[in-house]
Amino acid sequence: MQVREARTEDIAGIQDVAAESLAASYAHFLDEEIIEHAIEEWYSEENLENEFQSRGTLYLVALDGGDVVGFTQSEVLPDVPEGNILWLHVHPDYRGEGIGTTLLGQTKEKLEDKEVETLSGLVLAGNEEGNQFYRDHGFTKVGERTAEIGDETYTENIYSESDEPILEAREFDGETRYINRSETSRGSKAPFFSVFNDKAGEDRYGYFCSNCETLDNAMDSMERIECNVCGNKRKAARWDSAYL
């Protein structure tokens, strides 16, 4: 098996692995229509091409005889030595062969080369295999956030190699707020991070836009976020997979 960074010729294979993996992992609590929407939106050729070219994104594919059998997509957070594994998919026919573990190890090495010191993994609470995977590989649950999938919201667990979430104290209009870099939501321009009034991370204040570094944003009833300063918008939810 070979693991390398994704290329344009891998797109069809990535789409196939994503479709099969999502169907196998989430059919018990996600409707088929929602899964199809995920494939069309997040794994479109245009979107993948843009992801491949983004400096803050790392795509790795696992190949068996030239065929894509698994992949990871990770992001490097701006201005801090931290990264998130957003997706780790393995084709159902290849699960149980250690491909997920190999992908995790290779992803960690590549992100370390990008000076990432703290790595987190995101996985829906309903995916017990995915949660167990991170626990088995030494990750600790450090928080939760909500993920919007279709018209529904789901709990997404945040696992980190560090036992404690990292909160950054910042002054905003004379008040000290605490940015939790572990609780991140993808934006159209840059990530949003959860902000708290206390360093224990218990009293939530709102969200920090890392694109323009402000707290001036709004959330609608569907929990979509838009920055009032730069127009950065929180994208629709991403889907994780079984990490086998």
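Q: Why is Arg-170 called partly exposed?
A: In this predicted model, Arg-170 has a relative accessible area of 22%. Buried means under 20% and exposed means over 50%, with partly exposed in between, so Arg-170 is partly exposed.

Q: What makes Arg-170 and Glu-213 a salt bridge?
A: Their closest N and O atoms are 3.7 Å apart. The cut-off is a side-chain nitrogen of Lys or Arg within 4 Å of a carboxyl oxygen of Asp or Glu, so the pair counts as a salt bridge. Glu-213 lies in the loop between strand S11 (204-209) and strand S12 (217-219), and Arg-170 in strand S8, so the pair ties together parts that are 43 residues apart in sequence.

Q: Why is Glu-213 called partly exposed?
A: Glu-213 has a relative accessible area of 36%. Partly exposed covers the range between under 20% and over 50%, so Glu-213 belongs there.

Q: What makes Arg-224 and Asp-220 a salt bridge?
A: Here the closest N and O atoms are 3.0 Å apart, and the limit is within 4 Å, so this pair qualifies. Arg-224 is partly exposed at 42% relative accessibility, and Asp-220 is partly exposed at 34%. Elsewhere, salt bridges that share partners join Glu-168, Arg-170 and Glu-213 into one network.

Q: How do you know that Glu-156 forms a salt bridge with Arg-145?
A: The closest N and O atoms of this pair are 2.6 Å apart, and a salt bridge needs them within 4 Å. The pair links distant parts of the chain, with Glu-156 in strand S7 and Arg-145 in strand S6 (residues 140-149), 11 residues apart. Both Glu-156 and Arg-145 are buried. In total, the structure holds nine salt bridges.

Q: What makes strand S4 largely enclosed?
A: Nine of the nine residues of S4 (residues 82-90) are buried, so the rest of the structure largely encloses this strand.

Q: Which strands does S4 pair with, and how do you know?
A: Two strands pair if DSSP finds at least two bridges between them. Seven bridges join strand S3 (residues 67-76) to S4, and these two run antiparallel. Four bridges join S4 to strand S5 (residues 118-124), and these run parallel. Among the partners, Trp-87 in S4 is matched with Gln-73, while Leu-119 in S5 is matched with Gly-83 and Ser-120 in S5 with Asn-84.

Q: How do you know that both faces of S5 are covered?
A: On one side Thr-118, Ser-120, Leu-122 and Leu-124 are buried, and on the other Leu-119, Gly-121 and Val-123 are buried too. Seven of the seven residues of S5 are buried, so the strand is largely enclosed by the rest of the structure.

Q: Why is Glu-115 called exposed?
A: Glu-115 has a relative accessible area of 63%, and exposed means over 50%, so the name fits. Glu-115 lies in the loop between helix H4 (99-113) and S5, and has a positive phi of about 70° although it is not a glycine.

Q: What makes Asp-173 exposed?
A: Asp-173 has 84% relative accessibility, and the cut-off is over 50%, so Asp-173 counts as exposed. Asp-173 is found in the loop between strand S8 (167-172) and strand S9 (175-185), with a positive phi near 50°.

Definitions and conventions. Residues numbered from 1 in each chain as written. Predicted model: local features only at pLDDT ≥ 70, side-chain atom pairs only at ≥ 80, totals over all residues. Heavy atoms only, no water. Buried < 20%, exposed > 50% of the residue type's maximum accessible area, 1.4 Å probe, protein only.
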